[in-house]
Amino acid sequence: MTNPHIQVRSLTRTYSLGPEQVAVLRDLDLDLVAGEALAVIGPSGSGKSTLLHILGTLDRPSSGSVTIGGLDPFTLPEPELARFRNREVGFVFQDHHLLPQYTALENVLIPTLPFRRKGEDPEPWARELLGRVGLEKRLAHRPAELSGGERQRVAVARALIHRPRLLLADEPTGNLDEAAATGVADLLFELQRELGAVLVLVTHSLELAARFPRRCRLASGRCVAA
């Protein structure tokens, strides 16, 4: 394997449950190179979402290390960590989390507002992304005017607005019918390959997981090849 873009070593995440400490992830190791796509499967409560949240710096390890592009993001001060997360990580969740009062175009542009660089104009790329996901005629539509599959495609475009090096998807097709789910999965693969990003997707769907060149099952807090 070439030098990994993401390197996880001895990752452990414990939670307090009354007087007890419960380990959801335990001494987990994982390497991912740029452009690689990994599906994570496992029963409910096995730690799939916890792993995704730690990779995306939304949660912190109890012990162990995570490096992304050679950097341990958890060593950054909170403002720099927020900037890192905004620029380097794209998230797609089961619930699209679009803001209902804003149009599709405005929702895609929201991640660019906190840390926009001087002279930067992300709108042309946002329009292109929405065109790429088949919504060029829906730019001015609000979420209530879009179908479930269309809303999730807006969420995919929003996740890619900064051309992130790490794309994380947590059950992104779980609320969609079969046709819409296939379309969203196709988009994730196409755009992830184009950007050369690492894609890590959590799913209960064995059919969707089977489309990935690499799969792991979470078992006893560790990632086992599946």
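The expected span of a helix is 1.5 Å times one less than its number of residues. With that yardstick in hand, a reader new to this predicted model can begin with helix H6, which has 18 residues and reaches 26 Å from its first C-alpha to its last, close to the 26 Å expected at 1.5 Å a residue.

At the N-terminal end of H6, aspartate 177 acts as a cap, with a side-chain oxygen lying 3.2 Å from the backbone nitrogen of alanine 179. Beyond the helix comes glycine 196, whose phi is positive, near 70°. Between these two ends, the buried residues of H6 include Ala180, Ala181, Val184 and Ala185, and Leu187, Leu188, Phe189, Leu191 and Gln192 are buried as well. An α-helix has 3.6 residues a turn, so residues three or four places apart point the same way. That general rule is a useful one to keep in mind while looking along the helix in the structure above.

From the helix, the path leads to the strands that it connects. The chain crosses from S6 through H6 to S7, and this β-α-β crossover is right-handed. Strand S6 is itself paired on more than one account: five bridges join S6 to strand S7 (residues 198–202), the two running parallel, and strand S5 (residues 89–93) also pairs with S6 in the parallel sense over five bridges. One residue of S6, aspartate 170, appears in both pairings, being the bridge partner of phenylalanine 93 and standing opposite valine 202 in S7.

How enclosed is S6 by the rest of the structure? Five of the five residues of S6 are buried, so the strand is largely enclosed by the rest of the structure. In a regular strand the side chains alternate between the two faces of the sheet. In S6, Leu166, Leu168 and Asp170 point one way, whereas Leu167 and Ala169 point the other way, and all of them are buried.

The charged side chains come next. Side chains of opposite charge can pair when their charged atoms come close. In this model the count comes to 12 salt bridges, and three of them are followed here.

In one of these, the side chains of glutamate 88 and arginine 165 meet at 2.7 Å, N to O. This pair links distant parts of the chain, since glutamate 88 belongs to helix H2 (residues 78–88) while arginine 165 sits in the loop between helix H5 (148–159) and strand S6 (166–170), 77 residues apart. Glutamate 88 counts as partly exposed at 21% relative accessibility, and arginine 165 counts as partly exposed at 36%.

The remaining two involve residues of H6. Glutamate 190 and arginine 132 meet through their side chains in a salt bridge of 3.0 Å, N to O, and this pair also links distant parts of the chain, with glutamate 190 in helix H6 (residues 178–195) and arginine 132 in helix H4 (residues 123–132), 58 residues apart. Glutamate 190 is partly exposed at 36% relative accessibility, as is arginine 132, with a relative accessible area of 27%. Arginine 211, in turn, forms a salt bridge with aspartate 186, their closest N and O atoms being 2.5 Å apart. Because arginine 211 lies in the loop between helix H7 (206–209) and strand S8 (214–219) and aspartate 186 lies in helix H6, the pair ties together parts that are 25 residues apart in sequence. Arginine 211 counts as partly exposed at 39% relative accessibility, and aspartate 186 is partly exposed with a relative accessible area of 35%. Salt bridges that share partners also join Arg132, Glu190 and Glu194 into one network.

The model also holds a covalent link between side chains, for the count comes to one disulfide. Cysteine 216 and cysteine 223 form this disulfide, with their sulfur atoms 2.0 Å apart. The torsion about their S-S bond is about -65°, so the disulfide is left-handed. Cysteine 216 counts as buried at 4% relative accessibility, and cysteine 223 is buried with a relative accessible area of 19%, the cut-off for buried being under 20%.

Finally, the backbone deserves a look. Most residues other than glycine have a negative phi, and most peptide bonds are trans. Aspartate 27, however, has a positive phi near 50°; this residue lies in strand S2 (residues 20–32) and is partly exposed, with a relative accessible area of 40%. Histidine 97 likewise has a positive phi, near 55°, and its place is in the loop between S5 and helix H3 (104–109), where histidine 97 is partly exposed with a relative accessible area of 46%.

Conventions
Residues are numbered from 1 along each chain as its sequence is written. This is a predicted model: local features need pLDDT of at least 70, side-chain atom pairs count only at pLDDT 80 or more; totals for chains, interfaces and linings use all residues. Side-chain values use heavy atoms; hydrogens and water are left out. A disulfide is a pair of cysteine sulfur atoms within 2.5 Å. Buried means under 20% relative accessible area, exposed over 50%, partly exposed in between (1.4 Å probe, protein chains only). A salt bridge is a side-chain nitrogen of Lys or Arg within 4 Å of a carboxyl oxygen of Asp or Glu. Helices (H or I, at least four residues) and strands (E, at least two) are DSSP runs, numbered from the N terminus. Two strands pair if DSSP finds at least two bridges between them. A crossover is right-handed if, with the strands pointing away from the viewer, the path from the first strand over the helix to the second runs clockwise. A polar contact is a pair of N or O atoms within 3.5 Å; within protein, one must be able to donate a hydrogen and the other to accept it, and residues adjacent in sequence count only if both atoms are side-chain atoms.
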